Amino acid sequence: MPAEKATPTTAKPISIDRRSNLSYEEFKNEYLLPRKPVIITDATAKWKASTWTPQFFLERYPNKILTTDQGEMKMEAFIDAITNNSDTPGPFLREQPLKDVFPDLVDHVQPTPSYVTPNWLGGKYLVGSVTRRLNRESFIEVNFCGRRIFPYLHIDDLGVHAFITQHYGDKELVIYPPDQEPWLYRKPGTRFSEIVDVDHPDLQQYPLFANAKAARVVVKAGESAFMPSGWWHTTRVPGTSLSTVISLSNASNWPDLVDYLQRDSYRPKLFSFYAMYLRSVGFLRSRLS
């Protein structure tokens with residue numbers, strides 16, 4: 001007789017801490033190493049980016065052409081589209097390196113918070129394609145959009161941690177721990193869920209999703225969210241939103257990054273030799289840090 005499958009039980013509700021005056025050691029021991037999300041209210045209090053508003057960008061870059069998910073458009077048209085509170089999702093300036101799209105604002109996101117150091121994504125890693133991919137992730141990225149519900153539940157690329165700072169407007173994060181993945185219907189070979197609307201799921205098609213329990217937290221302007229590697233999340237934006245993201249990899253999650261690259265390789269067996277090199281890089285850096 002075949003063994004009976006275990007019946008999933010409903011997940012326990014989770015909550016997200018909101019902290020201030022958090023030392024690096026407290027962050028490391030309570031959130032980074034245990035891989036627990038946290039909202040830090042004062043991580044970027046010294047950033048000039050606290051002055052960023054739609055009007056700031058309109059006045060500073062009146063003739064700038066932006067490349068959005070809806071094509072190229074002038075700054076004036078972009079700002080108008082994302083501030084009109086339309087129910088139809090407007091253009092999205094998505095995951096653009098700040099140094100490329102607004103290079104004169106790089107000093108507005110300084111000093112670097114201790115929570116995102118050390119960061120091993122920058123550097124040279126023998127293989128050009130890997131170096132370019134990791135270096136690309138090391139850049140601070142900007143996200144600028146209007147009201148929308150993002151239709152994808154996912155985990156972040158490369159097994160990185162994400163440090164998300166909200167500069168204008170509110171953003172609601174909907175978060176699921178890694179141990180709830182059996183109920184989230186991961187698309188095979190991807191980092192995305194088949195669930196496209198966590199608030200109105202099709203439970204006839206995805207019955208196990210009824211067992212999942214999300215944490216919901218609103219990140220306000222001036223606050224930062226630490227999203228650890230492997231946590232599933234999606235976003236709700238009730239109005240105009242401007243944020244930056246710092247991706248992070250160090251001793252706490254470097255093995256995840258190496259495993260991710262190996263799984264993602266079109267020649268994983270050959271890549272295994274290169275993976276040994278990357279693991280040795282991580283070992284040496286961890287001993288030196």
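User: How do you know that E5 and E6 are paired, and in which sense do they run?

Analyst: In this predicted model, three bridges join E5 to E6, and the two strands run antiparallel. Two strands count as paired if at least two bridges are found between them, so the three bridges of E5 and E6 meet that condition. One of the contacts along this pair can be named, since proline 97 has glutamate 141 in E6 as its bridge partner.

User: What does E6 pair with besides E5, and which residue is the bridge partner of glutamate 141 in E13?

Analyst: E6 also pairs with E13 in the antiparallel sense, over five bridges, and the bridge partner of glutamate 141 in E13 is valine 245. These strands belong to an open sheet of seven strands, in the order E1-E2-E11-E8-E13-E6-E5, with mixed pairing.

User: What makes E1 and E5 the edge strands of that sheet?

Analyst: Strand E1 (17-19) and strand E5 (93-97) each pair on one side only. From one strand to the next, the twist of the sheet averages 20°. At the E1 end, E1 and strand E2 (residues 38-40) pair in the parallel sense over three bridges, and arginine 18 stands opposite isoleucine 39 in E2.

User: Why is E6 described as mostly covered, and what is found on its two faces?

Analyst: Five of the five residues of E6 are buried, where buried means under 20% relative accessible area. Glu141, Asn143 and Cys145 lie on one side and Val142 and Phe144 on the other, and with all of them buried, both faces of E6 are covered.

User: Why is asparagine 63 called exposed, and where is it placed?

Analyst: The relative accessibility of asparagine 63 is 56%, and a residue counts as exposed over 50%, so asparagine 63 is classed as exposed. Its place is in the loop between H2 and strand E3 (65-68). The C-alpha atoms of asparagine 63 and lysine 74, which are 11 residues apart along the chain, are separated by 6.2 Å.

User: What makes H5 oblique to H6, and which residues make the contact?

Analyst: The axes of helix H5 (residues 128-138) and helix H6 (residues 254-264) come within 13 Å and cross at roughly 130°. Angles over 145 degrees would count as roughly antiparallel and those from 65 to 115 as roughly perpendicular, so the crossing falls into the remaining class, and H5 is oblique to H6. The contact is made by Val130, Arg133 and Leu134 of H5 together with Trp254, Leu257, Tyr260, Leu261 and Asp264 of H6, and the crossing of H5 and H6 is right-handed.

User: Which residues touch the most other members of the largest nonpolar core, and which elements supply it?

Analyst: Of the 35 residues in the largest nonpolar core, Phe27, Trp52, Phe57, Phe78 and Phe102 touch the most other members. Elements that each supply at least two residues include H1, E2, helix H2 (54-60) and helix H3 (75-82), and H3 gives the most, with four residues. Phenylalanine 102 touches Phe57, Tyr61, Lys64, Leu66, Met75 and Leu93, not counting residues up to four places away in sequence.

User: Why are E7 and E10 called edge strands in the sheet of four strands?

Analyst: That open sheet has the order E7-E12-E9-E10, with antiparallel pairing. Strand E7 (148-149) and strand E10 (215-219) each have a single partner strand, so one side of each is left without a neighbour in the sheet. Strand E9 (residues 171-176) pairs with E10 over five bridges, and in E10 the bridge partner of lysine 171 is valine 219.

Terms used: Residues are numbered from 1 along each chain as its sequence is written. This is a predicted model: local features need pLDDT of at least 70, side-chain atom pairs count only at pLDDT 80 or more; totals for chains, interfaces and linings use all residues. Side-chain values use heavy atoms; hydrogens and water are left out. Axes are lines fitted to C-alpha atoms, for helices over the stretch in contact, and angles run from 0 to 180 degrees between N-to-C directions. A nonpolar core is a set of buried Ala, Val, Leu, Ile, Met, Phe, Trp, Tyr and Cys residues joined through side-chain atoms within 4.5 Å. Buried means under 20% relative accessible area, exposed over 50%, partly exposed in between (1.4 Å probe, protein chains only). Contact means heavy atoms within 4.5 Å. Angles under 35 degrees count as roughly parallel, over 145 as roughly antiparallel, 65 to 115 as roughly perpendicular and the rest as oblique. A crossing is left-handed if the near helix is turned anticlockwise from the far one by less than a right angle, and right-handed if clockwise.
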